Amino acid sequence: MDPAGLPRSRSAVRYCVDWGEHRHHLAGALGGAVTARLFALDWLRNGRYRRVVRLTDAGRDGLTRSFGVAPERLR
């Protein structure tokens, strides 16, 4: 991902709390770019409801292999 390609109309990184789960998450242009890439890789798919996403098996494997995220931390 090229940071120079992020839209200048949005903050690059923003503090945000997910009110559904009360957890912090990455927001802003960088969060949008990461999310778009995860969808492109089919690591995420849309859930049943608006703003809900599902982590696929490929996403679970990819996050573990690429970033060392412990599988038990992925729900």
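A residue counts as buried when its relative accessible area is under 20%, as exposed when that value is over 50%, and as partly exposed in between. The exercises below apply this to a predicted model.

**Exercise 1.** Determine what share of the residues of the protein is buried, and describe its accessible surface.

*Solution.* Starting from the cut-off of under 20% relative accessible area, one finds that 21% of the 75 residues of the protein count as buried. Turning to the surface, the accessible area of the protein comes to about 6200 Å², and carbon and sulfur atoms account for 53% of that area.

**Exercise 2.** List the order of the secondary structure elements, and state where confidence is lowest and where it is highest.

*Solution.* The protein has two helices and four strands, which, read from the N terminus, follow the order β-β-α-β-β-α. The mean pLDDT of the protein is 84, with 88% of its residues at 70 or more. Within the protein, confidence is lowest in strand β1 (residues 17-18), where the mean is 68, whereas helix α2 (residues 57-67) has the highest, at 96.

**Exercise 3.** Identify the residues of the largest nonpolar core, and examine the surroundings of Trp43.

*Solution.* The largest nonpolar core consists of six residues, namely Leu38, Trp43, Leu44, Leu55, Leu63 and Leu74. If residues up to four places away in sequence are set aside, the residues that Trp43 touches include the core members Leu38, Leu55 and Leu63. Trp43 also touches Arg54, Thr56, Ala58, Gly59, Gly62, Ser66 and Phe67. As for sequence separation across the protein, 11% of the contacts between residues at least 6 apart join residues at least 24 apart.

**Exercise 4.** Find the salt bridges of the structure, and classify the accessibility of each partner.

*Solution.* Side chains of opposite charge can pair when their charged atoms come close. The structure holds two salt bridges, and the criterion is a side-chain nitrogen of Lys or Arg within 4 Å of a carboxyl oxygen of Asp or Glu.

- In one salt bridge, Arg45 pairs with Asp42, and the closest N and O atoms are 2.8 Å apart. Arg45, with a relative accessible area of 39%, is partly exposed, and Asp42 is likewise partly exposed, with a value of 31%.
- In another, Arg60 pairs with Asp57, the closest N and O atoms being 3.4 Å apart. Because Arg60 and Asp57 are three residues apart in helix α2, about one helical turn separates them. Arg60 counts as partly exposed at 25% relative accessibility, whereas Asp57, with a relative accessible area of 60%, is exposed.

Methods
Residues numbered from 1 in each chain as written. Predicted model: local features only at pLDDT ≥ 70, side-chain atom pairs only at ≥ 80, totals over all residues. Heavy atoms only, no water. Buried < 20%, exposed > 50% of the residue type's maximum accessible area, 1.4 Å probe, protein only. Contact = heavy atoms within 4.5 Å. Areas by Shrake-Rupley, 256 points an atom, 1.4 Å probe, with all protein chains shown as cover. Core = buried A, V, L, I, M, F, W, Y, C linked by side-chain atoms within 4.5 Å. pLDDT = per-residue confidence, 0-100.
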